[in-house]
Amino acid sequence: MTQQLRNVCVAVLACVAGMQGAQAQSAGTWMLRAGPMLIAPQVNSGEMTAPSLPDTRIKVDSAVTLGGGISYMWSDHVSFDVPLAVPFTHHIKGDGAIGNVGEIGKVDVVPATLFTQYRFYDAKSKCRPYVGLGLTYVSFIKETGNGTLTAITDPGGRTTMRVSDKFALTPQIGFTYAVNDKFFVETMVGQTLLKVTATLSTGQKIDATLNPVIAGAYIGYRF
């Protein structure tokens with residue numbers, strides 16, 4: 001279990017212990033939120049195809065950006081949610097046989113997800129834990145290889161790369177806590193079950209399971 005998941009579980013238990021009446025999250029309610037959002041890839045990289053050194057692999061750094069989203073209560077317990085965020089910039093580094101070369105490129109990630117969520121307890125509860133499942137379309141833009149990548153692949157010219165866009169499932173858990181009739185705080189953690197393929201201009205490819213953990217902490221407004 002990741003540290004982010006542990007933190008949310010602890011917060012949910014504390015939230016349940018302090019439940020009180022509050023402004024309803026009832027059918028027809030809209031909720032807006034904003035705050036910091038983290039994507040932390042849990043990378044399991046395959047080997048780069050030939051010609052390359054055996055065990056040539058990659059790893060991907062985490063990224064934080066301004067995020068948020070909008071939720072709609074379809075019923076007192078079922079909601080639909082669309083997260084929003086500034087694109088995440090991830091730095092790609094060498095691993096395995098090229099683990100000492102440092103950064104070899106970067107990519108911006110634009111995920112688009114539609115969640116269906118189930119919110120526990122009464123609509124007037126001050127604290128409402130929830131679980132959700134979303135369909136995510138992950139778009140990779142501004143893929144950039146640097147001079148180190150060019151040196152590793154030695155193509156006689158600058159090496160570029162492309163990462164394939166993918167659909168993936170994203171389960172999540174989280175909770176909201178009503179501060180007053182209009183404002184609330186929210187935190188969530190999820191994980192996108194994502195595998196991708198990066199293709200270099202030299203023709204080499206590398207498959208990687210990313211399975212990024214997504215976590216956010218927000219201030220929200222309901223109407």
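This passage describes aromatic pairs, charge-over-ring arrangements and the surroundings of Asp81 in a predicted model.

Aromatic pairing was examined over the whole of the predicted model, and 6 aromatic pairs were found. In one of these, the ring centres of Phe183 and Tyr221 are 5.2 Å apart and the ring planes meet at 65°, so the pair is classed as edge-to-face, for which an angle over 60 degrees is required. Because Phe183 belongs to strand β11 (residues 183-191) and Tyr221 to strand β14 (residues 213-222), the pair ties together parts of the structure that are 38 residues apart in sequence. Both partners are partly exposed, the relative accessible area being 39% for Phe183 and 33% for Tyr221. Phe183 and Tyr221 are further joined with Phe223 in a cluster linked by ring pairs.

Aromatic rings also take part in arrangements with arginine side chains. The charged end of Arg33 is placed over the ring of Tyr218, at 5.2 Å from the ring centre, while Arg119 lies over the face of Tyr130, with a distance of 4.7 Å to the centre of that ring.

Arg33 is, in addition, a partner of Asp81, the two side chains being joined by a polar contact of 2.7 Å. Asp81 is located in strand β5 (residues 78-85) and has a relative accessible area of 2%, so this residue counts as buried, the limit being under 20%. When residues up to four places away in sequence are left aside, Asp81 touches Arg33, Ile70, Ser71, Thr113, Leu114, Phe115 and Gln117.

Key: Residues are numbered from 1 along each chain as its sequence is written. This is a predicted model: local features need pLDDT of at least 70, side-chain atom pairs count only at pLDDT 80 or more; totals for chains, interfaces and linings use all residues. Side-chain values use heavy atoms; hydrogens and water are left out. Rings of Phe, Tyr and Trp (its six-membered ring) pair if their centres lie within 6.5 Å; planes under 30 degrees apart count as stacked, over 60 as edge-to-face and the rest as tilted. Helices (H or I, at least four residues) and strands (E, at least two) are DSSP runs, numbered from the N terminus. Buried means under 20% relative accessible area, exposed over 50%, partly exposed in between (1.4 Å probe, protein chains only). A charge sits over a ring if NZ of Lys or CZ of Arg is within 6 Å of the ring centre and within 35 degrees of the ring normal. A polar contact is a pair of N or O atoms within 3.5 Å; within protein, one must be able to donate a hydrogen and the other to accept it, and residues adjacent in sequence count only if both atoms are side-chain atoms. Contact means heavy atoms within 4.5 Å.
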